[in-house]
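Got the viewer open? Let's take a walk through this one, starting at the ligand and then heading out into the fold.

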Amino acid sequence: MHIETELVHSGRGIDPSTGALVAPIHLSTTFERGEDGSYPQGYVYGRSGNPNRQDLETALAGLEAGCEAAVFGSGSAATFTLLQALRAGDHVVAPQNVYFGVQEMLAKILAPWGLQYTLVDTTDVAAVETAIRSNTRLILIETPSNPQLAITDIQTVAHLAHQANAYLACDNTIPSPVLQRPLDHGADFVIHATTKYLAGHSDVIGGAVITKDPNPLFAQLQLIQGIGGAVPSPFDCWLTLRGLQTLAVRVKAQSQSALAIAQWLQTHPAIDRVLYPGLTDHPGYEIAQRQMIGAYGGLLSILVGGGQTAALAMTTKTQLFTRATSFGGPHSTLEHRASIEAPGTGTPDNLLRLSIGLEHPQDLIADLEQALGHR
Ligand SMILES: *Cc1c(COP(=O)(O)O)cnc(C)c1O
């Protein structure tokens, strides 16, 4: 079945008690036991399971062609739980420009607990190979990456991971399963901040880990999900599942606009460089073409000529693009990343990240044109 159809139908059914086409939100924290002490519907307590959460997990597992999913109260909790499922003394390889929150959790929480890690440029396969140690259990990649939109070759890194008896986890937040399915290229886990494109309306925080096969690391992650309890509310799950229905049309429209805007920005004299994997001069273009599905997503970054001052000035002049963090919503946003990340970030200080929304691309180009002014 095509993903457009799956998105509309997965995790959904007609409610057997009312005939409703849209599932009710089950707020109950607790479920009745049978006379024999059993749980006839399989639900016990809201932390360990809930019908809305089950619907969302079923849908996400199917969309990524995995066997099971576990959802969390944020994208950060999803990655954090996967890392927590490792043991003290294990080693992780992660990208140098990995999502900033992941760098923070590794450095400030997990390293003091005894997890070892190395940050490398994962676009450089030889560097990944060199970073692997005998105790490496997990390689984490993010492609396209945030905010530099760097492309990592999923299949090649999966091969390196498996040679070393390690797992490969791929953060698929930026492309979404509409544009990339990492499990098909050999990854063992997919991670999502469902906050972004999957929920898609900037109104719910959430995360997910999807596994290709049953394995001990995913079993440990599910144990932590139930006992640690960083679970999303029933309403959060319902909103995310609602967002999924329009994911394909949103992502395709946003990608088409992003490409047009990237091409236009490339010709503008006030812009030093445009980072977008759909541009033929992007260093990862060929790999992106191979592993992405027909489009390159709604996120792009620009390096503004004139440095940080010029970049910050531009953010004060846009009318349609709102100055705000996050991405993947219907409204276009732009953000100066270096100042939200901590000192020492590798993000250039003249970089602005643009999240292209669902407005007409010509209106967005006109807004950027007036904000950049004439030179
Ligand atoms: C936003 C984001 C996260 C974190 O998700 P939250 O829901 O904000 O915790 C992780 N990875 C990537 C690539 C993201 O964009």
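What follows is a tour of the ligand site, an aromatic pair and some backbone oddities.

A quick word on the ground rules: this is a predicted model, where local features need pLDDT of at least 70, side-chain atom pairs count only at pLDDT 80 or more, and totals for chains, interfaces and linings use all residues. Numbering starts from 1 along each chain as its sequence is written, and side-chain values use heavy atoms, with hydrogens and water left out.

Start with the ligand. It has 13 residues around it, a residue being near if one of its heavy atoms lies within 4 Å. Gly 75, Ser 76, Asp 171, Thr 195 and Lys 196 come nearest. By class, the shell splits into 4 nonpolar, 7 polar and 2 charged residues; here Ala, Val, Leu, Ile, Met, Phe, Trp, Tyr, Cys and Pro count as nonpolar, Asp, Glu, Lys and Arg as charged, and the others, Gly among them, as polar.

Now zoom in on the ligand's oxygen atoms. One is 2.8 Å from a polar backbone atom of Gly 75. On the side-chain side, an N or O atom of Thr 195 is 2.7 Å from a ligand oxygen, and a polar side-chain atom of Lys 196 also lies 2.7 Å from an oxygen of the ligand. The protein buries 92% of the 380 Å² that the ligand exposes when taken alone (Shrake-Rupley areas with a 1.4 Å probe).

Next, the aromatics: the structure holds 6 aromatic pairs, meaning rings of Phe, Tyr or Trp (its six-membered ring) with centres within 6.5 Å. Take Phe 189 and Phe 218: their ring centres are 6.5 Å apart and their planes sit at 20°, so this pair is stacked (planes under 30 degrees apart; over 60 is edge-to-face and the rest tilted). Phe 189 lies in strand β6 (residues 189–193) and Phe 218 in helix α8 (residues 216–228), so the pair ties together parts that are 29 residues apart in sequence. Helices (H or I, at least four residues) and strands (E, at least two) are DSSP runs, numbered from the N terminus.

Finally, check the backbone. Most residues other than glycine have a negative phi, and most peptide bonds are trans. A cis bond joins Thr 143 and Pro 144, with omega about -10°, and Pro 144 is in the loop between β4 (136–142) and α6 (154–163). The bond from Asn 146 to Pro 147 is cis too, with omega near 5°.

Methods. Polar contact = N/O pair within 3.5 Å; in protein donor to acceptor, adjacent residues only side chain to side chain.
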